[in-house]
Amino acid sequence: MSEPQTKKTRVSYLGPKGSYSSLAAKALAPEARELPCGSFYAAADALERGVADCAVLPVENTLQGAVTQNLDLLYASPDLFAVREYLLKIEHRLIAKEGTKLSDIRRVFSHEQAILQCGKFIAQNLPQAKIVCTDSTMQSVSRIAEAGDAGIVGSHVRAEGLSFIGENIADEPKNFTHFLLIKKGRESLPEHSDFIYFAATCPHEPGALLKMLQILSVYDLNMTKIESRPIKNSPGEYCFFIEFKGDASDKNVRAALSRLQEYTKNFRLLGCY
C-alpha cells in the first residue's frame with residue numbers, strides 16, 4: 001500500500017502570479033501551493049475560511065507608508081496573526097507594446113500603490129496619460145490592448161510582445177515593501193521572535209499615548225514603528241499600531257504586553273516574527 005500523500009500548504013495572496021505579493025509569497029512560503037486572489041480582502045478571507053493555510057499581506061511601503069486596508073483587516077480579524085516578515089525591494093518599470101515611445105502613451109494601468117509611488121515620474125513625463133487603477137500591478141499587463149497603453153509592473157515581469165520603456169520609474173530608487181505571513185490561530189505564533197506587533201486604543205485622559213509608550217520604556221523595549229488609524233463610527237478616536245523589538249518568550253516582553261492590555265482599550269496582539 002502506498003504512503004498517504006502529505007497535504008501541501010496553501011498560501012493566498014493578491015494575484016495574479018507575477019505580482020509583488022506573489023514574489024513575497026514565494027519567499028515566505030516557498031513550498032506552498034499558491035492561491036492568487038483578486039484582492040487583499042479575498043486573500044485574508046481565504047485564510048479565515050480554511051481555503052488557505054496562510055496568507056501574505058503587505059503592511060508598509062517605504063515611499064507611501066502603511067497599507068491601511070491591510071492594517072484594518074488584521075485589526076478586524078482577532079484570530080489572524082503575523083508569524084514571519086519579508087522586506088521586498090520594489091522596482092517599478094513601465095511596460096508597453098514593443099516599439100511604443102513615452103510620447104505615444106495615452107493610458108497607464110497599475111495598482112493604486114504603484115501609481116502613487118511613481119507619481120513624480122507620471123506628472124513630469126506622462127501628463128497626457130489617463131491613469132487607470134487595477135487590482136494588482138500584474139493585472140495591468142492584461143489591460144494593454146493598443147499602442148497607447150502601458151502598465152507599471154515589477155522589473156521581474158516578462159510578457160510576449162511587450163517590453164520595458166526606460167529604467168526604474170519609482171520616485172525614489174530605494175523602495176521596499178514590508179510583507180507579513182499571516183496564519184490562523186494563536187497556536188501559530190512562534191515561541192521566539194525578533195519583533196512584537198500590536199494594536200490598541202488609548203483611554204480618554206491627558207497624556208494617554210505617552211503613558212502607553214512609557215510602558216515599553218519601563219520594560220526597556222525599543223519601539224520600531226507606530227501608525228495611527230481613525231476608528232470607524234467613532235470620530236476623534238484612533239487606534240495605534242505599534243511594533244517593538246522583543247522575544248515573545250522574554251519575561252519583560254510578556255510583562256509589558258500584560259500591562260499594555262490592562263491599560264489600553266481594544267488591545268489586539270497582531271503578531272510575533
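Is Ile 226 buried, partly exposed or exposed? Select Ile 226 in this predicted model and colour by accessibility: the residue is partly exposed, with a relative accessible area of 34%. Ile 226 sits in strand S13, which covers residues 223-230. Now add Leu 209 and Met 223 to the selection; together with Ile 226 they make a nonpolar surface patch of about 200 Å².

**Into the core**

Next, hide the surface and pick Val 56, Phe 198, Met 212, Phe 244 and Leu 260. Within the largest nonpolar core, which has 37 residues, these five touch the most other members. Helix H8 (residues 251-263) supplies the largest share of this core, namely five residues.

Phe 198 deserves a stop of its own. Leaving out residues up to four places away in sequence, Phe 198 touches Met 212, Phe 240, Phe 241, Ile 242, Phe 244, Leu 260, Phe 267, Arg 268, Leu 269 and Leu 270. A second core, separate from the one just visited, has 25 residues, including Ala 43, Leu 47, Ala 55 and Phe 195.

**Salt bridges**

Switch to charged side chains. The whole structure holds ten salt bridges, and a few of them make good stops.

Start with Arg 107 and Asp 149, whose closest N and O atoms are 2.9 Å apart in a salt bridge. This pair links distant parts of the chain, with Arg 107 in strand S7 (residues 107-111) and Asp 149 in strand S9 (residues 149-154), 42 residues apart. Look at how each partner is covered: Asp 149 is buried, at 1% relative accessible area, whereas Arg 107 is partly exposed, at 30%.

Move on to Glu 34 and Lys 26, another salt bridge, with the closest N and O atoms 3.3 Å apart. Glu 34 counts as buried at 19% relative accessibility, just inside the cut-off of under 20%. Lys 26, at 42%, counts as partly exposed.

Then return to helix H8 and select Arg 259 and Glu 262. Their side chains meet in a salt bridge, 3.8 Å from N to O. Both residues lie in this helix, three residues apart, which is about one turn. Glu 262 is exposed, with a relative accessible area of 59%, while Arg 259 is partly exposed at 35%.

To finish this part, select Glu 60, Lys 225 and Glu 243 together: salt bridges link these three residues in a network.

**A buried serine in a loop**

Go now to Ser 19, in the loop between strand S1 (10-14) and helix H1 (20-28). Ser 19 is buried, with a relative accessible area of 2%. What is Ser 19 in contact with, leaving aside its neighbours within four places in sequence? Show Tyr 13, Leu 14, Thr 137, Met 138 and His 156 to see those contacts.

**Cysteines**

For the last stop, select the cysteines. How many disulfides does a search of the whole structure find? The count is zero. Why is Cys 54 not bonded to Cys 37? The sulfur of Cys 37 is the closest cysteine sulfur to that of Cys 54, but at 11 Å it is too far for a bond. Cys 54 is also buried, at 1% relative accessibility.

Cys 118 is in no disulfide either, and its nearest cysteine sulfur, in Cys 133, is 12 Å away. Cys 118 is buried, with a relative accessible area of 0%.

Note on methods. Residues are numbered from 1 along each chain as its sequence is written. This is a predicted model: local features need pLDDT of at least 70, side-chain atom pairs count only at pLDDT 80 or more; totals for chains, interfaces and linings use all residues. Side-chain values use heavy atoms; hydrogens and water are left out. Patches are made of residues with over 30% relative accessible area and no salt bridge: like charges are joined within 9 Å, nonpolar side chains (Val, Leu, Ile, Met, Phe, Trp, Tyr) within 5 Å. Accessible areas come from the Shrake-Rupley method with a 1.4 Å probe; for residues, only the protein chains shown count as cover. A salt bridge is a side-chain nitrogen of Lys or Arg within 4 Å of a carboxyl oxygen of Asp or Glu. Helices (H or I, at least four residues) and strands (E, at least two) are DSSP runs, numbered from the N terminus. Buried means under 20% relative accessible area, exposed over 50%, partly exposed in between (1.4 Å probe, protein chains only). A nonpolar core is a set of buried Ala, Val, Leu, Ile, Met, Phe, Trp, Tyr and Cys residues joined through side-chain atoms within 4.5 Å. Contact means heavy atoms within 4.5 Å. A disulfide is a pair of cysteine sulfur atoms within 2.5 Å.
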